[in-house]
Amino acid sequence: MCTDGMGLVDLAVNMLIPTPSQWPEFFAWAHAAFDLSDDSWDPAGVDERWNGSKPYGKMIHAIYLLTYALRDEYIPQWHARADYSAAGRAADNVYHGPFYLRFISSGDAEATADTGRFAARDRTDYKCKVFDNGGPSDDPANRASVIAHEGWHHWQYKYGWKGDHLTGGSIKPGSDGDYYYRHGSGAFDFGTLWTYDLGAAPIKFHSPYQIAVEFDADLAEFSFGWVPLSVIQSARMFGNTRLGNQFFNATSYRIGNPRPF
């Protein structure tokens with residue numbers, strides 16, 4: 001199993017969320033909307049949904065940020081809060097077909113999308129790397145961007161795109177990454193993130209790591225005032241780390257600078 005416990009950023013988010021007895025509607029909705037019903041979550045805290053020290057509770061922290069944290073500034077924000085949330089949710093929609101979330105304790109990746117399964121529902125596996133207390137990926141802002149990222153792999157499958165990541169180029173050795181498809185902050189109207197246009201100049205397209213980075217940027221720069229500063233700082237750090245290390249085509253854009261393109 002993972003190393004349980006809460007770091008400072010998870011603690012800050014945990015303080016924002018009422019307990020299941022105080023807000024049963026949210027906990028029931030999150031469980032169903034992101035399909036955390038697989039029995040793999042049983043030893044990971046599903047019976048202690050309030051416990052942010054365990055993987056299930058840490059998923060609740062990430063879902064809370066993904067669902068509520070962005071204030072939706074129309075033009076400067078990359079994409080709408082509802083777009084990121086829909087990409088991450090499990091139900092069949094314009095972004096992807098149906099899938100469910102599974103917890104597994106083994107594996108080096110943060111998470112992996114398992115698409116195109118024969119006679120079985122697609123799924124995403126979340127691993128201890130995003131839950132291990134004190135680990136480099138154990139952060140609710142990062143976890144929320146990982147949910148959006150993995151949802152985009154399911155988008156790729158729905159629309160017939162190859163979902164493998166890249167190596168080489170400007171990608172940090174020993175890591176993987178994607179292309180960054182540059183676009184202006186007003187290029188995708190709210191509610192249209194699922195669309196693409198290869199005939200546009202520049203083309204309108206997204207890769208999974210780009211979705212993660214643009215969510216990180218929006219969380220860092222366009223979140224509500226109640227979002228803890230530690231979350232904002234984490235989102236900027238994780239996003240800028242990915243911008244510097246996980247794109248085949250190097251980009252000078254960094255979160256905190258004026259938005260280019």
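Tutor: Let us begin with a term: a contact means heavy atoms within 4.5 Å. The model before us is predicted.

Student: Which residues does D218 touch, leaving aside those up to four places away in sequence?

Tutor: D218 touches L70, Q77, W78, H79, Y84, S223 and R259. The residue itself is found in helix α6, residues 208–221.

Student: Is D218 buried or exposed?

Tutor: A residue counts as buried when its relative accessible area is under 20%. D218 has a relative accessible area of 0%, and therefore it is buried. Across the chain, 51% of the 261 residues count as buried.

Student: How many helices and strands does the chain have, and in what order do the elements run?

Tutor: The chain has 7 helices and 3 strands. From the N terminus on, the order is α-α-α-α-β-β-β-α-α-α.

Student: How should one read the length of a helix such as α7?

Tutor: The general idea is to compare the distance between the end C-alpha atoms with the span expected at 1.5 Å a residue. Helix α7, residues 229–245, has 17 residues and reaches 24 Å, close to the expected 24 Å. Helix α3 can be read in the manner just described: its 14 residues should span 20 Å, and its end C-alpha atoms are 20 Å apart, which agrees.

Student: Which residues of α7 are buried, and what covers them?

Tutor: An α-helix has 3.6 residues a turn, so residues three or four places apart point the same way. In α7, the buried residues are V231, S234, A235, F238, G239, N240, R242 and L243. Their cover includes α1 (8–14), α3 (55–68), α5 (140–158) and α6.

Student: How many residues of α3 are buried?

Tutor: In α3, 13 of the 14 residues are buried, so this helix is largely enclosed by the rest of the structure.

Student: What radius of gyration does the chain have?

Tutor: The general idea is to set the value beside that of a compact globule, which for 261 residues would be near 18 Å; the chain has 17 Å, which agrees. Along the principal axes, the C-alpha atoms fill a box of roughly 50 × 45 × 35 Å.

Student: What share of the contacts joins residues at least 24 apart?

Tutor: Among contacts between residues at least 6 apart in sequence, that share is 68%.

Student: What does the chain expose, and how many charged side chains, positive and negative, does it have?

Tutor: The chain exposes about 10,900 Å², of which carbon and sulfur atoms supply 54%. There are 22 positive and 31 negative side chains, and the centres of the two sets lie 3 Å apart.

Terms used: Residues are numbered from 1 along each chain as its sequence is written. This is a predicted model: local features need pLDDT of at least 70, side-chain atom pairs count only at pLDDT 80 or more; totals for chains, interfaces and linings use all residues. Side-chain values use heavy atoms; hydrogens and water are left out. Helices (H or I, at least four residues) and strands (E, at least two) are DSSP runs, numbered from the N terminus. The radius of gyration is taken over C-alpha atoms; the globule rule is 2.2 Å times the number of residues to the power 0.38. Buried means under 20% relative accessible area, exposed over 50%, partly exposed in between (1.4 Å probe, protein chains only). Accessible areas come from the Shrake-Rupley method with a 1.4 Å probe; for residues, only the protein chains shown count as cover. Lys and Arg count as positive and Asp and Glu as negative; His and the chain ends are not counted. The place of a charge is taken as NZ of Lys, CZ of Arg, CG of Asp or CD of Glu. The expected span of a helix is 1.5 Å times one less than its number of residues.
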